[in-house]
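Me: Please take a close look at one part of the model shown here, and then follow the chain outward from that part. I would like the terms to be given with their cut-offs.

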Amino acid sequence: MTNDVQATSGAFTLTKQDNGVAILTMDVPGESMNTLKAAFGDEISAMLDDIDADTSIKGVVLTSGKANSFVAGADISMLAECNTAEDATTIAAGGQAIFDRIERMKATFVAAINGPALGGGLELALACHYRICTDSPSTQVGLPEVQLGLLPGSGGTQRLPRLIGIQQAMKMMLTGAPARAKQAKKYGIVDDVVPQSVLLNVAEQFALKRKPEREAPQKSVMDKMLENTGPGRGMMFKKAREATFAKTKGNYPAPGYIIDVIETGMRDGIEAGLKAEAEAFGKLVMTPESFQLRQIFFATTDMKKENGIEGVAPQKMEKVGVLGGGLMGGGIAFVTSTKAGVPVRIKDVRPEGIANAMKYSYDILNKKVKKRFMRSSEMQKQLSLITGTLDYSGYQDTDIVVEAVFEDLDLKQKMVADIEENCKENTIFASNTSSIPITQIAAKAARPENVIGLHYFSPVDKMPLAEVIAHETTSDQVISSTVEFAKKQGKTPVVVKDGAGFYVNRILAPYMNEAASLILAGEPIEHIDKSLVKFGFPVGPVKLLDEVGIDVGTKIIPFLVEAFGERFTAPSAFDKVLADGRKGKKNQKGFYSYEGKKPGKEVDESIYSLLGLTPSTKLSEKEVAERCVLMMLNEAARCLDESVIRNARDGDIGAIFGIGFPPFLGGPFRYMDTLGIKHVVERLNHYASTVGDKFAPADVLVKMAEENSTFY
């Protein structure tokens, strides 16, 4: 019989066992995940006092009371209360002090990790003497603070490089990418990977060991020269700074601070490193970039909790159909089987279509198996959920059918009729159209309440956004169910009102048109693209058009012109380019050249003679970016005014996740607030008088400027 003694204080329970091992369990009441809060400092200190005072405790196993996660990180909402950098530095220093104390405890501390241990959660584990994790697919360890414009502030920048080597640690901090269980063991982050059933037993065995005398991380001869010698280290940090700046264009301050703080700690010792870490953390909390990135985090967290229509519970999708086996159909089938874990049946008129769509999933999963991220048996299980058919056999019991056929209204209306004939009375018909209003697709439907738009972005497996488009008579139940289905596929769904271009493509079109106008005005293509990459977009507009397909990108324009008039008219350049058979990357012929040593990296110079142009740079990078972006901002304001989007938050998330609008600027609406609506209107008026009427500011912006109001 054991005489376990328990003491609980708020989020922590200490269970003392007869075998000399105490179990310290963290379980934040009322929350699905554990997060670290500054308020826990006193609780943890009291527990550590108790452990120190009890000489019978030889070891402590630190574990989570949550079934599927260790600690998801620090609670970042507490940073909003910081008024100065010093306030935030104090929070970091407080966390550091507690973790230092854990590291210096007489008892051996072991972190028993199942599920995510991220940010402050991994920093807590790094302060323990040993780390054991489970082989569960949900187990991952990482320091993702950079994604919030921050750096690890509780010792992570100092402990991880000393444990696994500078280069690997720096890479994890600069990308924020987590490591799965097997990788974590390979890198040396954890000491053992075990099945969940024996996690605590193994952790207890480690807790009864002496503290480890850790060897220096295993490195190759080259890495030793780089990491262990002054000149080597100098060169390594210099290269890291160059590579980071090339990626961030100086738009994000956090990566630079991460490199500085690691370098300080490695050069001047861990105490100096921790001091530098806390100070840098304080400075970063106060940057506008981190503020915007944290707002995006809060917005997406809120969106995950919302139903499509408030108070209307979604129905579960047990079986899915996909019409069309092209790139989009293949991508939709992939996220349905692998993320949502639901059987999906692809219908195409040609056997090759089905084969190609299945190959889409096979190729992605096979890469994961080759890299050992996934077992072959798991890949087979996911692939077995995807089947194909040339007719509607197996469609009678589908809950939702996603249509991804050609952009042709008659064809789409025929698909609606087919589904109404071959499926259940309440089967949802979701169209992945990028341009045709859903009202038109549902015009001849017997059950228009079941018809909805579900617009994915290419490539479906990577792009996080989905637009859910309800028309006038779509039922609330269908909206909520479709939103929930998109979430299950790993998407962030934004509900938008029906209309040409919906939201994302409608604000993208004027931006792309302006880039084309600049080409016709003689600005070099690479100058235009570089200007917008420097502004913060992942790729420039001309390159984006090549990637999407020039034919696809321009298909939407007539719908927009019909709906909104002249301001959407595209420059005649597009017609000439298409007439020359240029579709972009897919047929290796576009604005960029796909031959030679750098396919897709250099402009195809023959485009200029085709358009009768001699390119020369007249506008600065700033002017080029301003002209393209203002067109997008102006249209976004109109969309909100017309209730195409429900609020500014959805508009910001839609632009960031759908187009790659610079996250550090917070999205079009937060960016307009930052610039000041008056300033936006002044600049639009400036271009309206010097370039053309298309820049005339939206009425809503003029009114807001007069009233001195903001979107948030």
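Reply: Strand 3 and strand 4 (residues 59–64) run parallel and are joined by six bridges, where two strands count as paired if DSSP finds at least two bridges between them, and where helices (H or I, at least four residues) and strands (E, at least two) are DSSP runs numbered from the N terminus. This is a predicted model, in which local features need pLDDT of at least 70 and side-chain atom pairs count only at pLDDT 80 or more, whereas totals for chains, interfaces and linings use all residues. Residues are numbered from 1 along each chain as its sequence is written, and side-chain values use heavy atoms, with hydrogens and water left out.

Within this parallel pairing, Met-26 has Ser-64 of strand 4 as its bridge partner. Between the two strands the chain passes from strand 3 through helix 1 (residues 41–53) to strand 4, a β-α-β crossover that is right-handed, meaning that, with the strands pointing away from the viewer, the path from the first strand over the helix to the second runs clockwise.

Strand 3 also pairs with strand 2 (residues 12–16), here in the antiparallel sense and over five bridges, and Thr-15 has Ile-23 of strand 3 as its bridge partner. Four residues separate the strands of this hairpin, in which Gly-20 takes a positive phi near 85 degrees.

Why is strand 3 largely enclosed by the rest of the structure? Six of the six residues of strand 3 (residues 21–26) are buried, so the strand is largely enclosed; buried means under 20% relative accessible area, exposed means over 50%, and partly exposed lies in between, with a 1.4 Å probe and protein chains only. Val-21, Ile-23 and Thr-25 point one way from the strand, while Ala-22, Leu-24 and Met-26 point the other way, and all are buried.

On the neighbouring strand, Thr-13 lies in strand 2 and is buried, with a relative accessible area of 18%. Apart from residues up to four places away in sequence, Thr-13 touches Gln-6, Ala-7, Thr-8, Ile-23, Leu-24, Thr-25 and Met-47, contact meaning heavy atoms within 4.5 Å. By contrast, the C-alpha atoms of Thr-13 and Gly-553, which are 540 residues apart along the chain, are separated by 58 Å.

Further along the chain comes helix 2 (residues 85–104), whose 20 residues reach 28 Å from the first C-alpha to the last, close to the 28 Å expected at 1.5 Å a residue; the expected span is 1.5 Å times one less than the number of residues. The buried residues of helix 2 include Ala-88, Ala-92, Phe-99 and Ile-102, and what covers the buried residues includes helix 1, strand 5 (108–113), helix 3, helix 4 (156–164) and helix 11 (270–285).

Helix 3 (residues 120–127) in turn lies across strand 6 and strand 8, running at about 90 degrees to strand 6, where axes are lines fitted to C-alpha atoms, for helices over the stretch in contact, and angles run from 0 to 180 degrees between N-to-C directions. An open sheet of three strands has the order 6-8-9, with mixed pairing, and its edge strands are strand 6 (116–118) and strand 9 (179–180), each of which pairs on one side only. Strand 8 (residues 140–142) and strand 9 are antiparallel and share two bridges, with Ala-179 of strand 9 as the bridge partner of Val-141.

Turning to nonpolar cores, the largest has 94 residues, of which Tyr-503, Phe-591, Phe-661 and Leu-701 touch the most other members; such a core is a set of buried Ala, Val, Leu, Ile, Met, Phe, Trp, Tyr and Cys residues joined through side-chain atoms within 4.5 Å. Helix 26 gives the most to this core, with eleven residues. Apart from this core lies another, of 73 residues, among them Ala-11, Ile-51, Val-60 and Val-285.

Two backbone details remain. Ser-458 and Pro-459 are joined by a cis peptide bond with omega about -5 degrees, and Pro-459 lies in the loop between strand 16 (451–456) and strand 17 (465–470). Gln-588, although not a glycine, has a positive phi of about 60 degrees; this residue is found in the loop between helix 24 (573–579) and strand 19 (592–593) and is partly exposed, with a relative accessible area of 47%. Most residues other than glycine have a negative phi, and most peptide bonds are trans.
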